[in-house]
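Here are a few short exercises to work through with the viewer open. Try each task yourself before you read the solution below it.

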Amino acid sequence: MTTDLDHRPIVPPPSLLRLSRAAGHGRPAGPVRILHLGLGSFFRAHQAWYTDSAPDAADWGIGAFTSTSPHPAHALALQDGLYTLVTRAAHGERLRVVSSISAVHAGDEHEAWLGYWADRAVAVATFTVPEAGYARTADGALDTARADVRADLAALRRDPRAPVDTVPARVVAGLRLRRSAGAGPITLLPCDDRPANGPALSRVLLETADLVDPGLAGWIATNVSVGSTVVDRIAADADRAAVLAATGLADAAPVRTEPFSEWVIAGEFPAGRPAWDEAGAQVVPDVLPFEQRRLWLLHGTYSLLAYAGGLLGHGTIAAAMSDARVRAWVQAWWDEVAVHLPLPADSLAAYRRALAERFADPDLRRPLAELAADGGRSLPEQVLPVLRAELAAGRVPRGACTTVAAWVLHRRGRGTPAAGSRAERAAGGPAERVTAPAGGSLAEAVHGVLARLGPDLDREPLATAVLDRARLLLDLSV
């Protein structure tokens, strides 16, 4: 069973042949040794695919739970956890049945959830859940002001097996039972697209454990390894009719993805793990350089494309990258970034080639307006570390200056539209508050924005360089 856009169940006609292990599709289900929370399209195109691609995949089945809607579990349960992964390629599409999910559950199947934690065979628990599920405050602490957090804490104090909703409470309930069952060590591996995802998960778990069972935190420190990851792959639900036409099989949960995929893993696995590294994942001592590479080379380029590309009249990533002027700005930015990343030159060159191919992909039609929406929050992380490092080295970086100059013009209402509706801007809503600080003359706007980004930045020769780039962009704008 799957769902349409309004989430009502759709039952395929019984005459259609459905994916089924009994019919010989895929591999037999492997023993569940990985527990996963978050049964979305990204997980199915990423961690489940890596596990399915590992040479020892038959020994590492996944027991997967939804984190929000139960419908993916219902759909996959009817086809034994199998689904079709559609990968775009230069000459058509590659279709493959992925077999790594051995069991699927709705998120409210709490007894099944606890049962996996008590099973010594389960060696790894992975997570891909929305940020809100971790119940963190802005500074990363457990948000005990939230009603659902307080309810979960009270429930677990009363009954260790009580159903709970938030991710920290669900994991702490599982770890508490694992301790009492003597099920041994386990590795927790967050695969969410956010920096320092391992330390972030560890903090809320330890704080939750302290509030539920003061002795549990010590056991966790001894028996639980929390890893960190960097993940990247674009994925979405695939067209079911197209998959049916291509394969002759009804698939209620196909996924469509791009050729590129990245999974960088750091952590200890005392109870073992699949040979993900033989399937293309990178196992490293520290993910920080890879986090910086992704933040600066990928997300920093998103900002450059959003603001500078929009000024030239482009509306999507692919359209902006088709412009030789934009590509030159991107390459200048990448040259600046590469100097400050402690990674091998050949690795950085390969990553840059992969990004160039992704950005130029005509199938990548993501609107630049989406990328521009949170520049005020993300630009300091994406651009300023490299900008400051270049200034400290005695250089004024042209690539970084282009991004900052384009953002100044964006705040003045040029290029890619500012976030928020026209009505909000007219009423002085969120978008107006973004554009107002860049008022006055262009020179005044540059100085104001640099001062807002950091008082140390509003000085020469940086201000002159940004102003010159802003004037150039205005001359080129449409």
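Helices (H or I, at least four residues) and strands (E, at least two) are DSSP runs, numbered from the N terminus. Keep in mind throughout that this is a predicted model.

**Exercise 1. Overall build**

Find how many helices and strands the protein chain has, and decide why it can be called as compact as a globular protein of its length.

Solution. Start with the count: the protein chain has 21 helices and 15 strands. Next, take the radius of gyration, which is 24 Å. The globule rule gives 23 Å for 478 residues, and the two values are close, so the chain is as compact as a globular protein of that length. As a companion view, the C-alpha atoms fill a box of roughly 65 × 55 × 50 Å along the principal axes. Then look at burial: 53% of the 478 residues count as buried. Finally, turn to the contacts with a separation of 6 or more: 76% of them come from residues 24 or more positions apart.

**Exercise 2. A sheet and the helix across it**

Work out the strand order of the open sheet of 3 strands, and say which helix lies across S11, S14 and S15.

Solution. Reading across the sheet, the order is S11-S14-S15, and the pairing is mixed. The edges are strand S11 (228-232) and strand S15 (282-283), each of which pairs on one side only. Now follow S11 to its partner: 5 bridges join S11 to strand S14 (residues 262-266), and these two run antiparallel. To check the register, find Asp232, which stands opposite Glu262 in S14. Last comes the helix: H10 (residues 288-311) lies across S11, S14 and S15, at about 30 degrees to S11.

**Exercise 3. A helix pair**

Describe how helix H7 and helix H8 meet, and which residues make the contact.

Solution. First the geometry: the axes of H7 (residues 197-212) and H8 (residues 216-223) come within 8 Å and cross at roughly 145 degrees. Then the residues: H7 brings Leu206, Ala209 and Asp210, while H8 brings Leu216, Ala217 and Ile220. Sorted by class, this contact has 5 nonpolar, no polar and 1 charged residues.

**Exercise 4. Cysteines**

Count the disulfides, then decide whether Cys191 and Cys401 are buried or exposed.

Solution. A disulfide needs a pair of cysteine sulfur atoms within 2.5 Å, and by this rule the count is 0. For burial, the cut-off is under 20% relative accessible area. Cys191 counts as buried because its relative accessibility is 1%. Cys401 also has 1% relative accessibility, so Cys401 counts as buried.

Terms used: Residues are numbered from 1 along each chain as its sequence is written. This is a predicted model: local features need pLDDT of at least 70, side-chain atom pairs count only at pLDDT 80 or more; totals for chains, interfaces and linings use all residues. Side-chain values use heavy atoms; hydrogens and water are left out. Two strands pair if DSSP finds at least two bridges between them. Contact means heavy atoms within 4.5 Å. Axes are lines fitted to C-alpha atoms, for helices over the stretch in contact, and angles run from 0 to 180 degrees between N-to-C directions. Buried means under 20% relative accessible area, exposed over 50%, partly exposed in between (1.4 Å probe, protein chains only). Ala, Val, Leu, Ile, Met, Phe, Trp, Tyr, Cys and Pro count as nonpolar, Asp, Glu, Lys and Arg as charged, and the others, Gly among them, as polar. The radius of gyration is taken over C-alpha atoms; the globule rule is 2.2 Å times the number of residues to the power 0.38.
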